[in-house]
Protein chains: 2
Amino acid sequence: MYNACRMKLSITEENYLKAIFKLSERDNKAVSTNAIARQMQTSAASVTDMLKRLSEKKLLKYTKYKGVTLSEKGGKLSTNLVRKHRLWEVFLVDKLNFRWDEVHEIAEQLEHIDSPDLVNRLDAFLNHPKFDPHGDPIPSADGKFTLRSQQILTEVDHKLPVLVVGVREHSVAFLRHLDELDIHLGQQLEILERYDYDDSIRVRVGDHQQMISSKVARNIFVKINPS
Amino acid sequence: MYNACRMKLSITEENYLKAIFKLSERDNKAVSTNAIARQMQTSAASVTDMLKRLSEKKLLKYTKYKGVTLSEKGGKLSTNLVRKHRLWEVFLVDKLNFRWDEVHEIAEQLEHIDSPDLVNRLDAFLNHPKFDPHGDPIPSADGKFTLRSQQILTEVDHKLPVLVVGVREHSVAFLRHLDELDIHLGQQLEILERYDYDDSIRVRVGDHQQMISSKVARNIFVKINPS
DNA sequence: AATTATTTTTAGGCCAATCTAAAAATATAT
DNA sequence: ATATATTTTTAGATTGGCCTAAAAATAATT
Ligand SMILES: [Mn+2]
Ligand SMILES: [Mn+2]
Ligand SMILES: [Mn+2]
Ligand SMILES: [Mn+2]
């Protein structure tokens, strides 16, 4: 990963790359100027400005009025940023005992630290984690993501015991709410009842039962528990 | 420390503060524009520019043509930067197994991460170290440095067993040279002979003997070994 | 197809941080 | 004390990253 992307970018440039990566990882289609502006909380004019510069540096393919797609270089660079972000989040939670709702902001800063050696040693120190504290996959040094079969909690069958493996929403409010519901990664759940009226569900959480609103349930990733 | 210095500075501003702190910690006298320019590897004109801005922010007292001294706020801010820098160096060496000559550059980046909570947790994680991998004192959260009686190796008496506690020079070349000489923090030494011709000395290093040039010896801090 | 709405780009300006060259202040030497 | 050298500041320009307002391109409606 590193050999292909050895160039010093500004923090701003890195953040643009990351934003574009995030916006294109779903459908893999070209990303619009406005979408980037929304993601970066900035004006469309500033985005156009930056797209020209990043295009100049061959980090993305930019066609006027047609949006952008990351180049191979740009893709590798962003993947590495994601890798660093998630590894630092693991560090903060596992080693410094931060809660999962506190780490994102700090990782946003730490991800810009530039030292391949540091990242790899951190990775080793953390025992090569495959997922971050929110269940998101950590790309390996050569940019590969671990795939995992998962479903949204609302879409899983009745009575099947499942394991919470991730969250689709990362806001502090949501994460703290899950804490209050005793729902965390690795937690075993089982849907006991569905209520059509508001799409809420009743689940078994460990040894007690719990009502979960549809708004919460649709942001929880689970996998079928093979035990 | 934190209450008094809660303001977001740019990395550049932080680096200027640190440079001024370093230049004034010896004699505590006003620091000249040129000295700062030299330290920061920039032009005197740029320095004057920045001094005005830092003065505006009440981080230092600036009198035209007379140099600057840090204000209380500026002092606390720089001390906190030093604290972060040195704590991260301990982390890199103790936890990630970096060598002492590899950590400075990375710590130069990490010291700018802004999160009081992170620093304090890191401090706890490292068991509140009092000195960094080069033997430099780590200021406490309220800005106090641990004092230590120490002497330069060249100035210690014959036949007195001493302990290496720090280095006065931090270059990679010097640190790696010490590695080759088997000299590290905590190492016991004893001056066996002084040679007037080139001021070199013969020392006992652990169980063997070693010649040490004056250039090396004058950059090693030791303390009298009370064992 | 023509009009209207939306998206995107351009134009022009601002601010922080840098530079070089010239002017001004201070220090040193004769 | 005067001349010379050094240090420091000012002046003016540049670059990255941002802004608003206006123009241009594209998309959606009628
Ligand atoms: Mn995050
Ligand atoms: Mn995460
Ligand atoms: Mn250092
Ligand atoms: Mn150090």
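Copies are superposed by least squares on the C-alpha atoms of residues with pLDDT of at least 70 in both. With that in hand, here are four close-ups of this predicted model.

**View 1. Chain A laid over chain B.** Let's start with how the two chains relate. Chain A superposes on chain B, with an RMSD of 0.1 Å, after a rotation of 180 degrees and 0.0 Å of shift along the axis. The two copies are thus related as by a two-fold rotation axis. Look for L110(A) here: within chain A, its C-alpha is the one nearest the axis, at 3.8 Å. Both copies use the same surface, as 100% of the contact residues of chain A recur in chain B.

**View 2. The contact between chain A and chain B.** Each side brings its share to this contact: 20 residues come from chain A and 20 residues from chain B. About 1,700 Å² is buried between the two chains, and carbon and sulfur atoms give 71% of that area. Three residues to pick out on the chain A side are L96(A), Q109(A) and R121(A), which lose the most area to chain B and together make up 31% of what that side buries. If you are hunting for salt bridges between chain A and chain B, the count is zero.

**View 3. The manganese ion (ligand 1) and its donors in chain A.** Three residues coordinate the manganese ion (ligand 1): H85(A) through NE2, E89(A) through OE and H104(A) through ND1, at 2.0 to 2.1 Å. Along the sequence, these donor residues follow the spacing H-x3-E-x14-H. Helix α4 (residues 72-95) of chain A carries both H85(A) and E89(A), and because they are four residues apart in it, about one helical turn separates them. H85(A) and E89(A) are both buried. Keep an eye on E89(A), which also bridges the manganese ion (ligand 1) and the manganese ion (ligand 2), 3.5 Å apart.

**View 4. The six-stranded sheet of chain B.** To find your way across this open sheet, follow the strand order β3-β8-β4-β5-β6-β7 of chain B, with antiparallel pairing. At the edges stand β3 (151-152) and β7 (208-212) of chain B; each has a single partner strand, so one side of each is left without a neighbour in the sheet. Further in, strand β5 (residues 188-195) and strand β6 (residues 200-205) of chain B pair in the antiparallel sense over six bridges. A handy landmark is R194(B), which stands opposite I201(B) in β6(B).

Note on methods:
Residues numbered from 1 in each chain as written. Chains lettered and ligands numbered in written order. Predicted model: local features only at pLDDT ≥ 70, side-chain atom pairs only at ≥ 80, totals over all residues. Heavy atoms only, no water. Donors = N, O, S within 2.8 Å, 3.2 Å for Na, K, Ca; no water. Helix = DSSP H or I, 4+ residues; strand = E, 2+ residues; numbered from the N terminus. Buried < 20%, exposed > 50% of the residue type's maximum accessible area, 1.4 Å probe, protein only. Pairing = 2+ DSSP bridges. Contact = heavy atoms within 4.5 Å. Buried area = accessible area lost by both parts, 1.4 Å probe. Salt bridge = Lys/Arg side-chain N within 4 Å of Asp/Glu carboxyl O.
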